Amino acid sequence: MNTNLRFGPELRRLRVEAGLTLTEFSVALNYDKGHLSKVERGERSPSPELARRCDAFLGADGELQRLATRPEAASDSDFAEFPADPSPWLVGRRAVLSAGTGVLIDLGLKLGGQALSSADGPLLGSYRMQFDQLRKLGQSTAPKILLPLLETQTRMVAGLASDARSASRASALLLASRFAEFTGWMAQEAGDSDAALGWTGEAAELARAGGDPYLGSYALVRRALVTMYGGDAAGTIALARRAQGTELPPRIRGLAAQREAQGHALVGNEVDCLRSLDRARELLSDDDALNGADPVIGTSHVSDPAAMSTGWCLHDLGRPKAAAEVLDREYRRLPPHALRTRARYGFRRSLAHAASGEVEHACAIAGEFLGVMPAVPSATVNSDVRRLARELSRFRSSRTVRDLQPALARVLTPVHS
């Protein structure tokens, strides 16, 4: 039929554009891969349910549903897409896992035969579980691997919210906002600041629609991080100050004060830097977000963000020995699985020790994490690696430094595929 011939090619185009193989797509939707292949080729008609799931997952804004519209009622064949025996999906899932990417899609996303119009109970809980697992995977996985899935999952949860009953719509929108915010962070880690800011802005809009007016202020904190890594101290301070209104939750205000302190440190303003750190410490110590039911805003792997930021600020303020002491102490509190966070603060420790003249110790620390970087590449961490390389270049006569230089160069040299 003409409808099939139009729907199938459009479905395939959107799937490929999203960076998903047919196997990954079938696992994510819990539909048989063979059936989806026939739908894409126009050999089978899509059921309204399949069209709606594809539309929500791929962010097609209703276009796939419109292409699949047909007047006749659902027939028995429509339900053949949900076999009683789930073994075909288990085989497909194992195949994807062996390819190394299926595990990202299999995390808590078990739609089964549930309708997407129900965002209640187990279904929404499975998305929350998926979010937590993806966030954990972000600590040990390259951002470019996670981004396609995060982008499509953000659209899927947002689409789920649009079809949900009013009682559960707000919860779905808020979860979608957290997906979008994390997508923005992974985009920044991949080196795409524009995409990072775009996704962070979308997160704020989703949160506002879900009844949370505060995430927009956290978007300012995220923007301040971009300007900080760009070396714009004035912009960092200005953005961070805008996110410290008294009506905002303590965690957002505390993270904003911490970012303001980093901006002051960039220009060597110790008085205002330490004052901002004191404010951040007070606000974050009163914060119970880490024990709440909602996903944590900002880092969930640093138990005392203000203390860790103090170490970094002390380095920028020209007090590397004090910085190294603080960073060493706080680093020991990081969870073992948080490779990305450990690499970030590992290089900062190395930089502080190098600036203190402890060159061999600095190289030993850096050597440990240079081996980790291919697994967790990070544009933001690379900015610290570049600073370390410049710092160590002052000690070219050191054999330890010379031995480390090839590994430093490999991390900092872009790989072109």
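This is a conversation about how to read a predicted model, from its overall make-up down to single residues.

Trainee: Where do I start? How many helices and strands does the protein have?

Mentor: Start with the overall tally, and keep in mind that this is a predicted model. The secondary structure comes to 21 helices and zero strands. As for burial, 53% of the 417 residues are buried.

Trainee: And what share of the contacts join residues at least 24 apart in sequence?

Mentor: Taking contacts between residues at least 6 apart in sequence, 68% of them join residues at least 24 apart.

Trainee: Now the inside. Which residues have the most contacts within the largest nonpolar core?

Mentor: General idea before the case: in soluble globular proteins, nonpolar side chains tend to be buried together. Here the largest nonpolar core has 66 residues, and Phe7, Leu11, Phe25, Leu58 and Leu64 have the most contacts inside it. The helix that gives the most to this core is α10, residues 166–189, with 10 residues. There is also a second, separate core of 34 residues, with Trp312, Ala323, Ile365 and Ala366 among them.

Trainee: Let's pick one helix. How do I check the length of α14 against what its residues should span?

Mentor: You go by the rise of 1.5 Å a residue: the 17 residues of α14, 250–266, should span 24 Å, and the end C-alpha atoms are 24 Å apart, so the two agree. You can do this for α20 too, residues 379–392: its 14 residues should span 20 Å, and its ends are 20 Å apart, which agrees.

Trainee: Is α14 mostly covered or mostly open?

Mentor: Mostly covered, with 14 of its 17 residues buried. Proline 250 sits in this helix, and with a relative accessible area of 34% it counts as partly exposed because buried means under 20% and exposed means over 50%. Just after the helix, glycine 268 takes a positive phi of about 75°.

Trainee: What about α20, which residues are buried there?

Mentor: The general idea is that an α-helix has 3.6 residues a turn, so residues three or four places apart point the same way. In α20 the buried residues are Thr380, Val381, Asn382, Ser383, Asp384, Val385, Leu388, Glu391 and Leu392.

Trainee: Back to α14. How do I describe the way it packs on α15?

Mentor: Look at the distance between the axes, then the angle. The axes of α14 and α15, residues 270–285, come within 8 Å and cross at roughly 160°. That makes the two helices roughly antiparallel, because angles over 145 degrees count that way. Their crossing is left-handed. On the α14 side the contact includes Pro250, Leu255, Ala261 and His264, and on the α15 side it includes Asp272, Cys273, Leu277 and Leu284.

Trainee: What does α13 do with α14?

Mentor: The axes of α13, residues 233–242, and α14 come within 8 Å and cross at roughly 160°, so these helices are roughly antiparallel to each other. The crossing is left-handed. Residues of α13 including Ala233, Ile237 and Arg241 meet residues of α14 including Ala256, Gly263 and Leu266.

Trainee: At what angle do α18 and α19 pack?

Mentor: Helix α18, residues 339–355, and helix α19, residues 359–370, pack at about 160° with their axes 8 Å apart. This makes α18 roughly antiparallel to α19, and their crossing is left-handed. Among the residues in contact are Phe347 and His353 of α18, with Ile365 and Phe369 of α19.

Trainee: Last, single residues. Is aspartate 328 buried or exposed?

Mentor: Compare its relative accessibility with the cut-off for buried, which is under 20%. Aspartate 328 is at 16%, so it counts as buried. It lies in helix α17, residues 320–331. Setting aside residues up to four places away in sequence, aspartate 328 touches Arg349 and His353. Its C-alpha atom is 9.8 Å from that of histidine 353, 25 residues apart along the chain.

Trainee: And which residues does phenylalanine 131 contact?

Mentor: Leaving out neighbours within four places in sequence, phenylalanine 131 contacts Leu175, Arg178, Phe179, Phe182 and Pro295. Phenylalanine 131 is in helix α8, residues 121–137, and is buried, with a relative accessible area of 2%. Sequence and space are worth reading together here: phenylalanine 131 and proline 295 are 164 residues apart in sequence and 8.4 Å apart in space, C-alpha to C-alpha.

Key:
Residues are numbered from 1 along each chain as its sequence is written. This is a predicted model: local features need pLDDT of at least 70, side-chain atom pairs count only at pLDDT 80 or more; totals for chains, interfaces and linings use all residues. Side-chain values use heavy atoms; hydrogens and water are left out. Helices (H or I, at least four residues) and strands (E, at least two) are DSSP runs, numbered from the N terminus. The expected span of a helix is 1.5 Å times one less than its number of residues. Buried means under 20% relative accessible area, exposed over 50%, partly exposed in between (1.4 Å probe, protein chains only). A nonpolar core is a set of buried Ala, Val, Leu, Ile, Met, Phe, Trp, Tyr and Cys residues joined through side-chain atoms within 4.5 Å. Axes are lines fitted to C-alpha atoms, for helices over the stretch in contact, and angles run from 0 to 180 degrees between N-to-C directions. Angles under 35 degrees count as roughly parallel, over 145 as roughly antiparallel, 65 to 115 as roughly perpendicular and the rest as oblique. A crossing is left-handed if the near helix is turned anticlockwise from the far one by less than a right angle, and right-handed if clockwise. Contact means heavy atoms within 4.5 Å.
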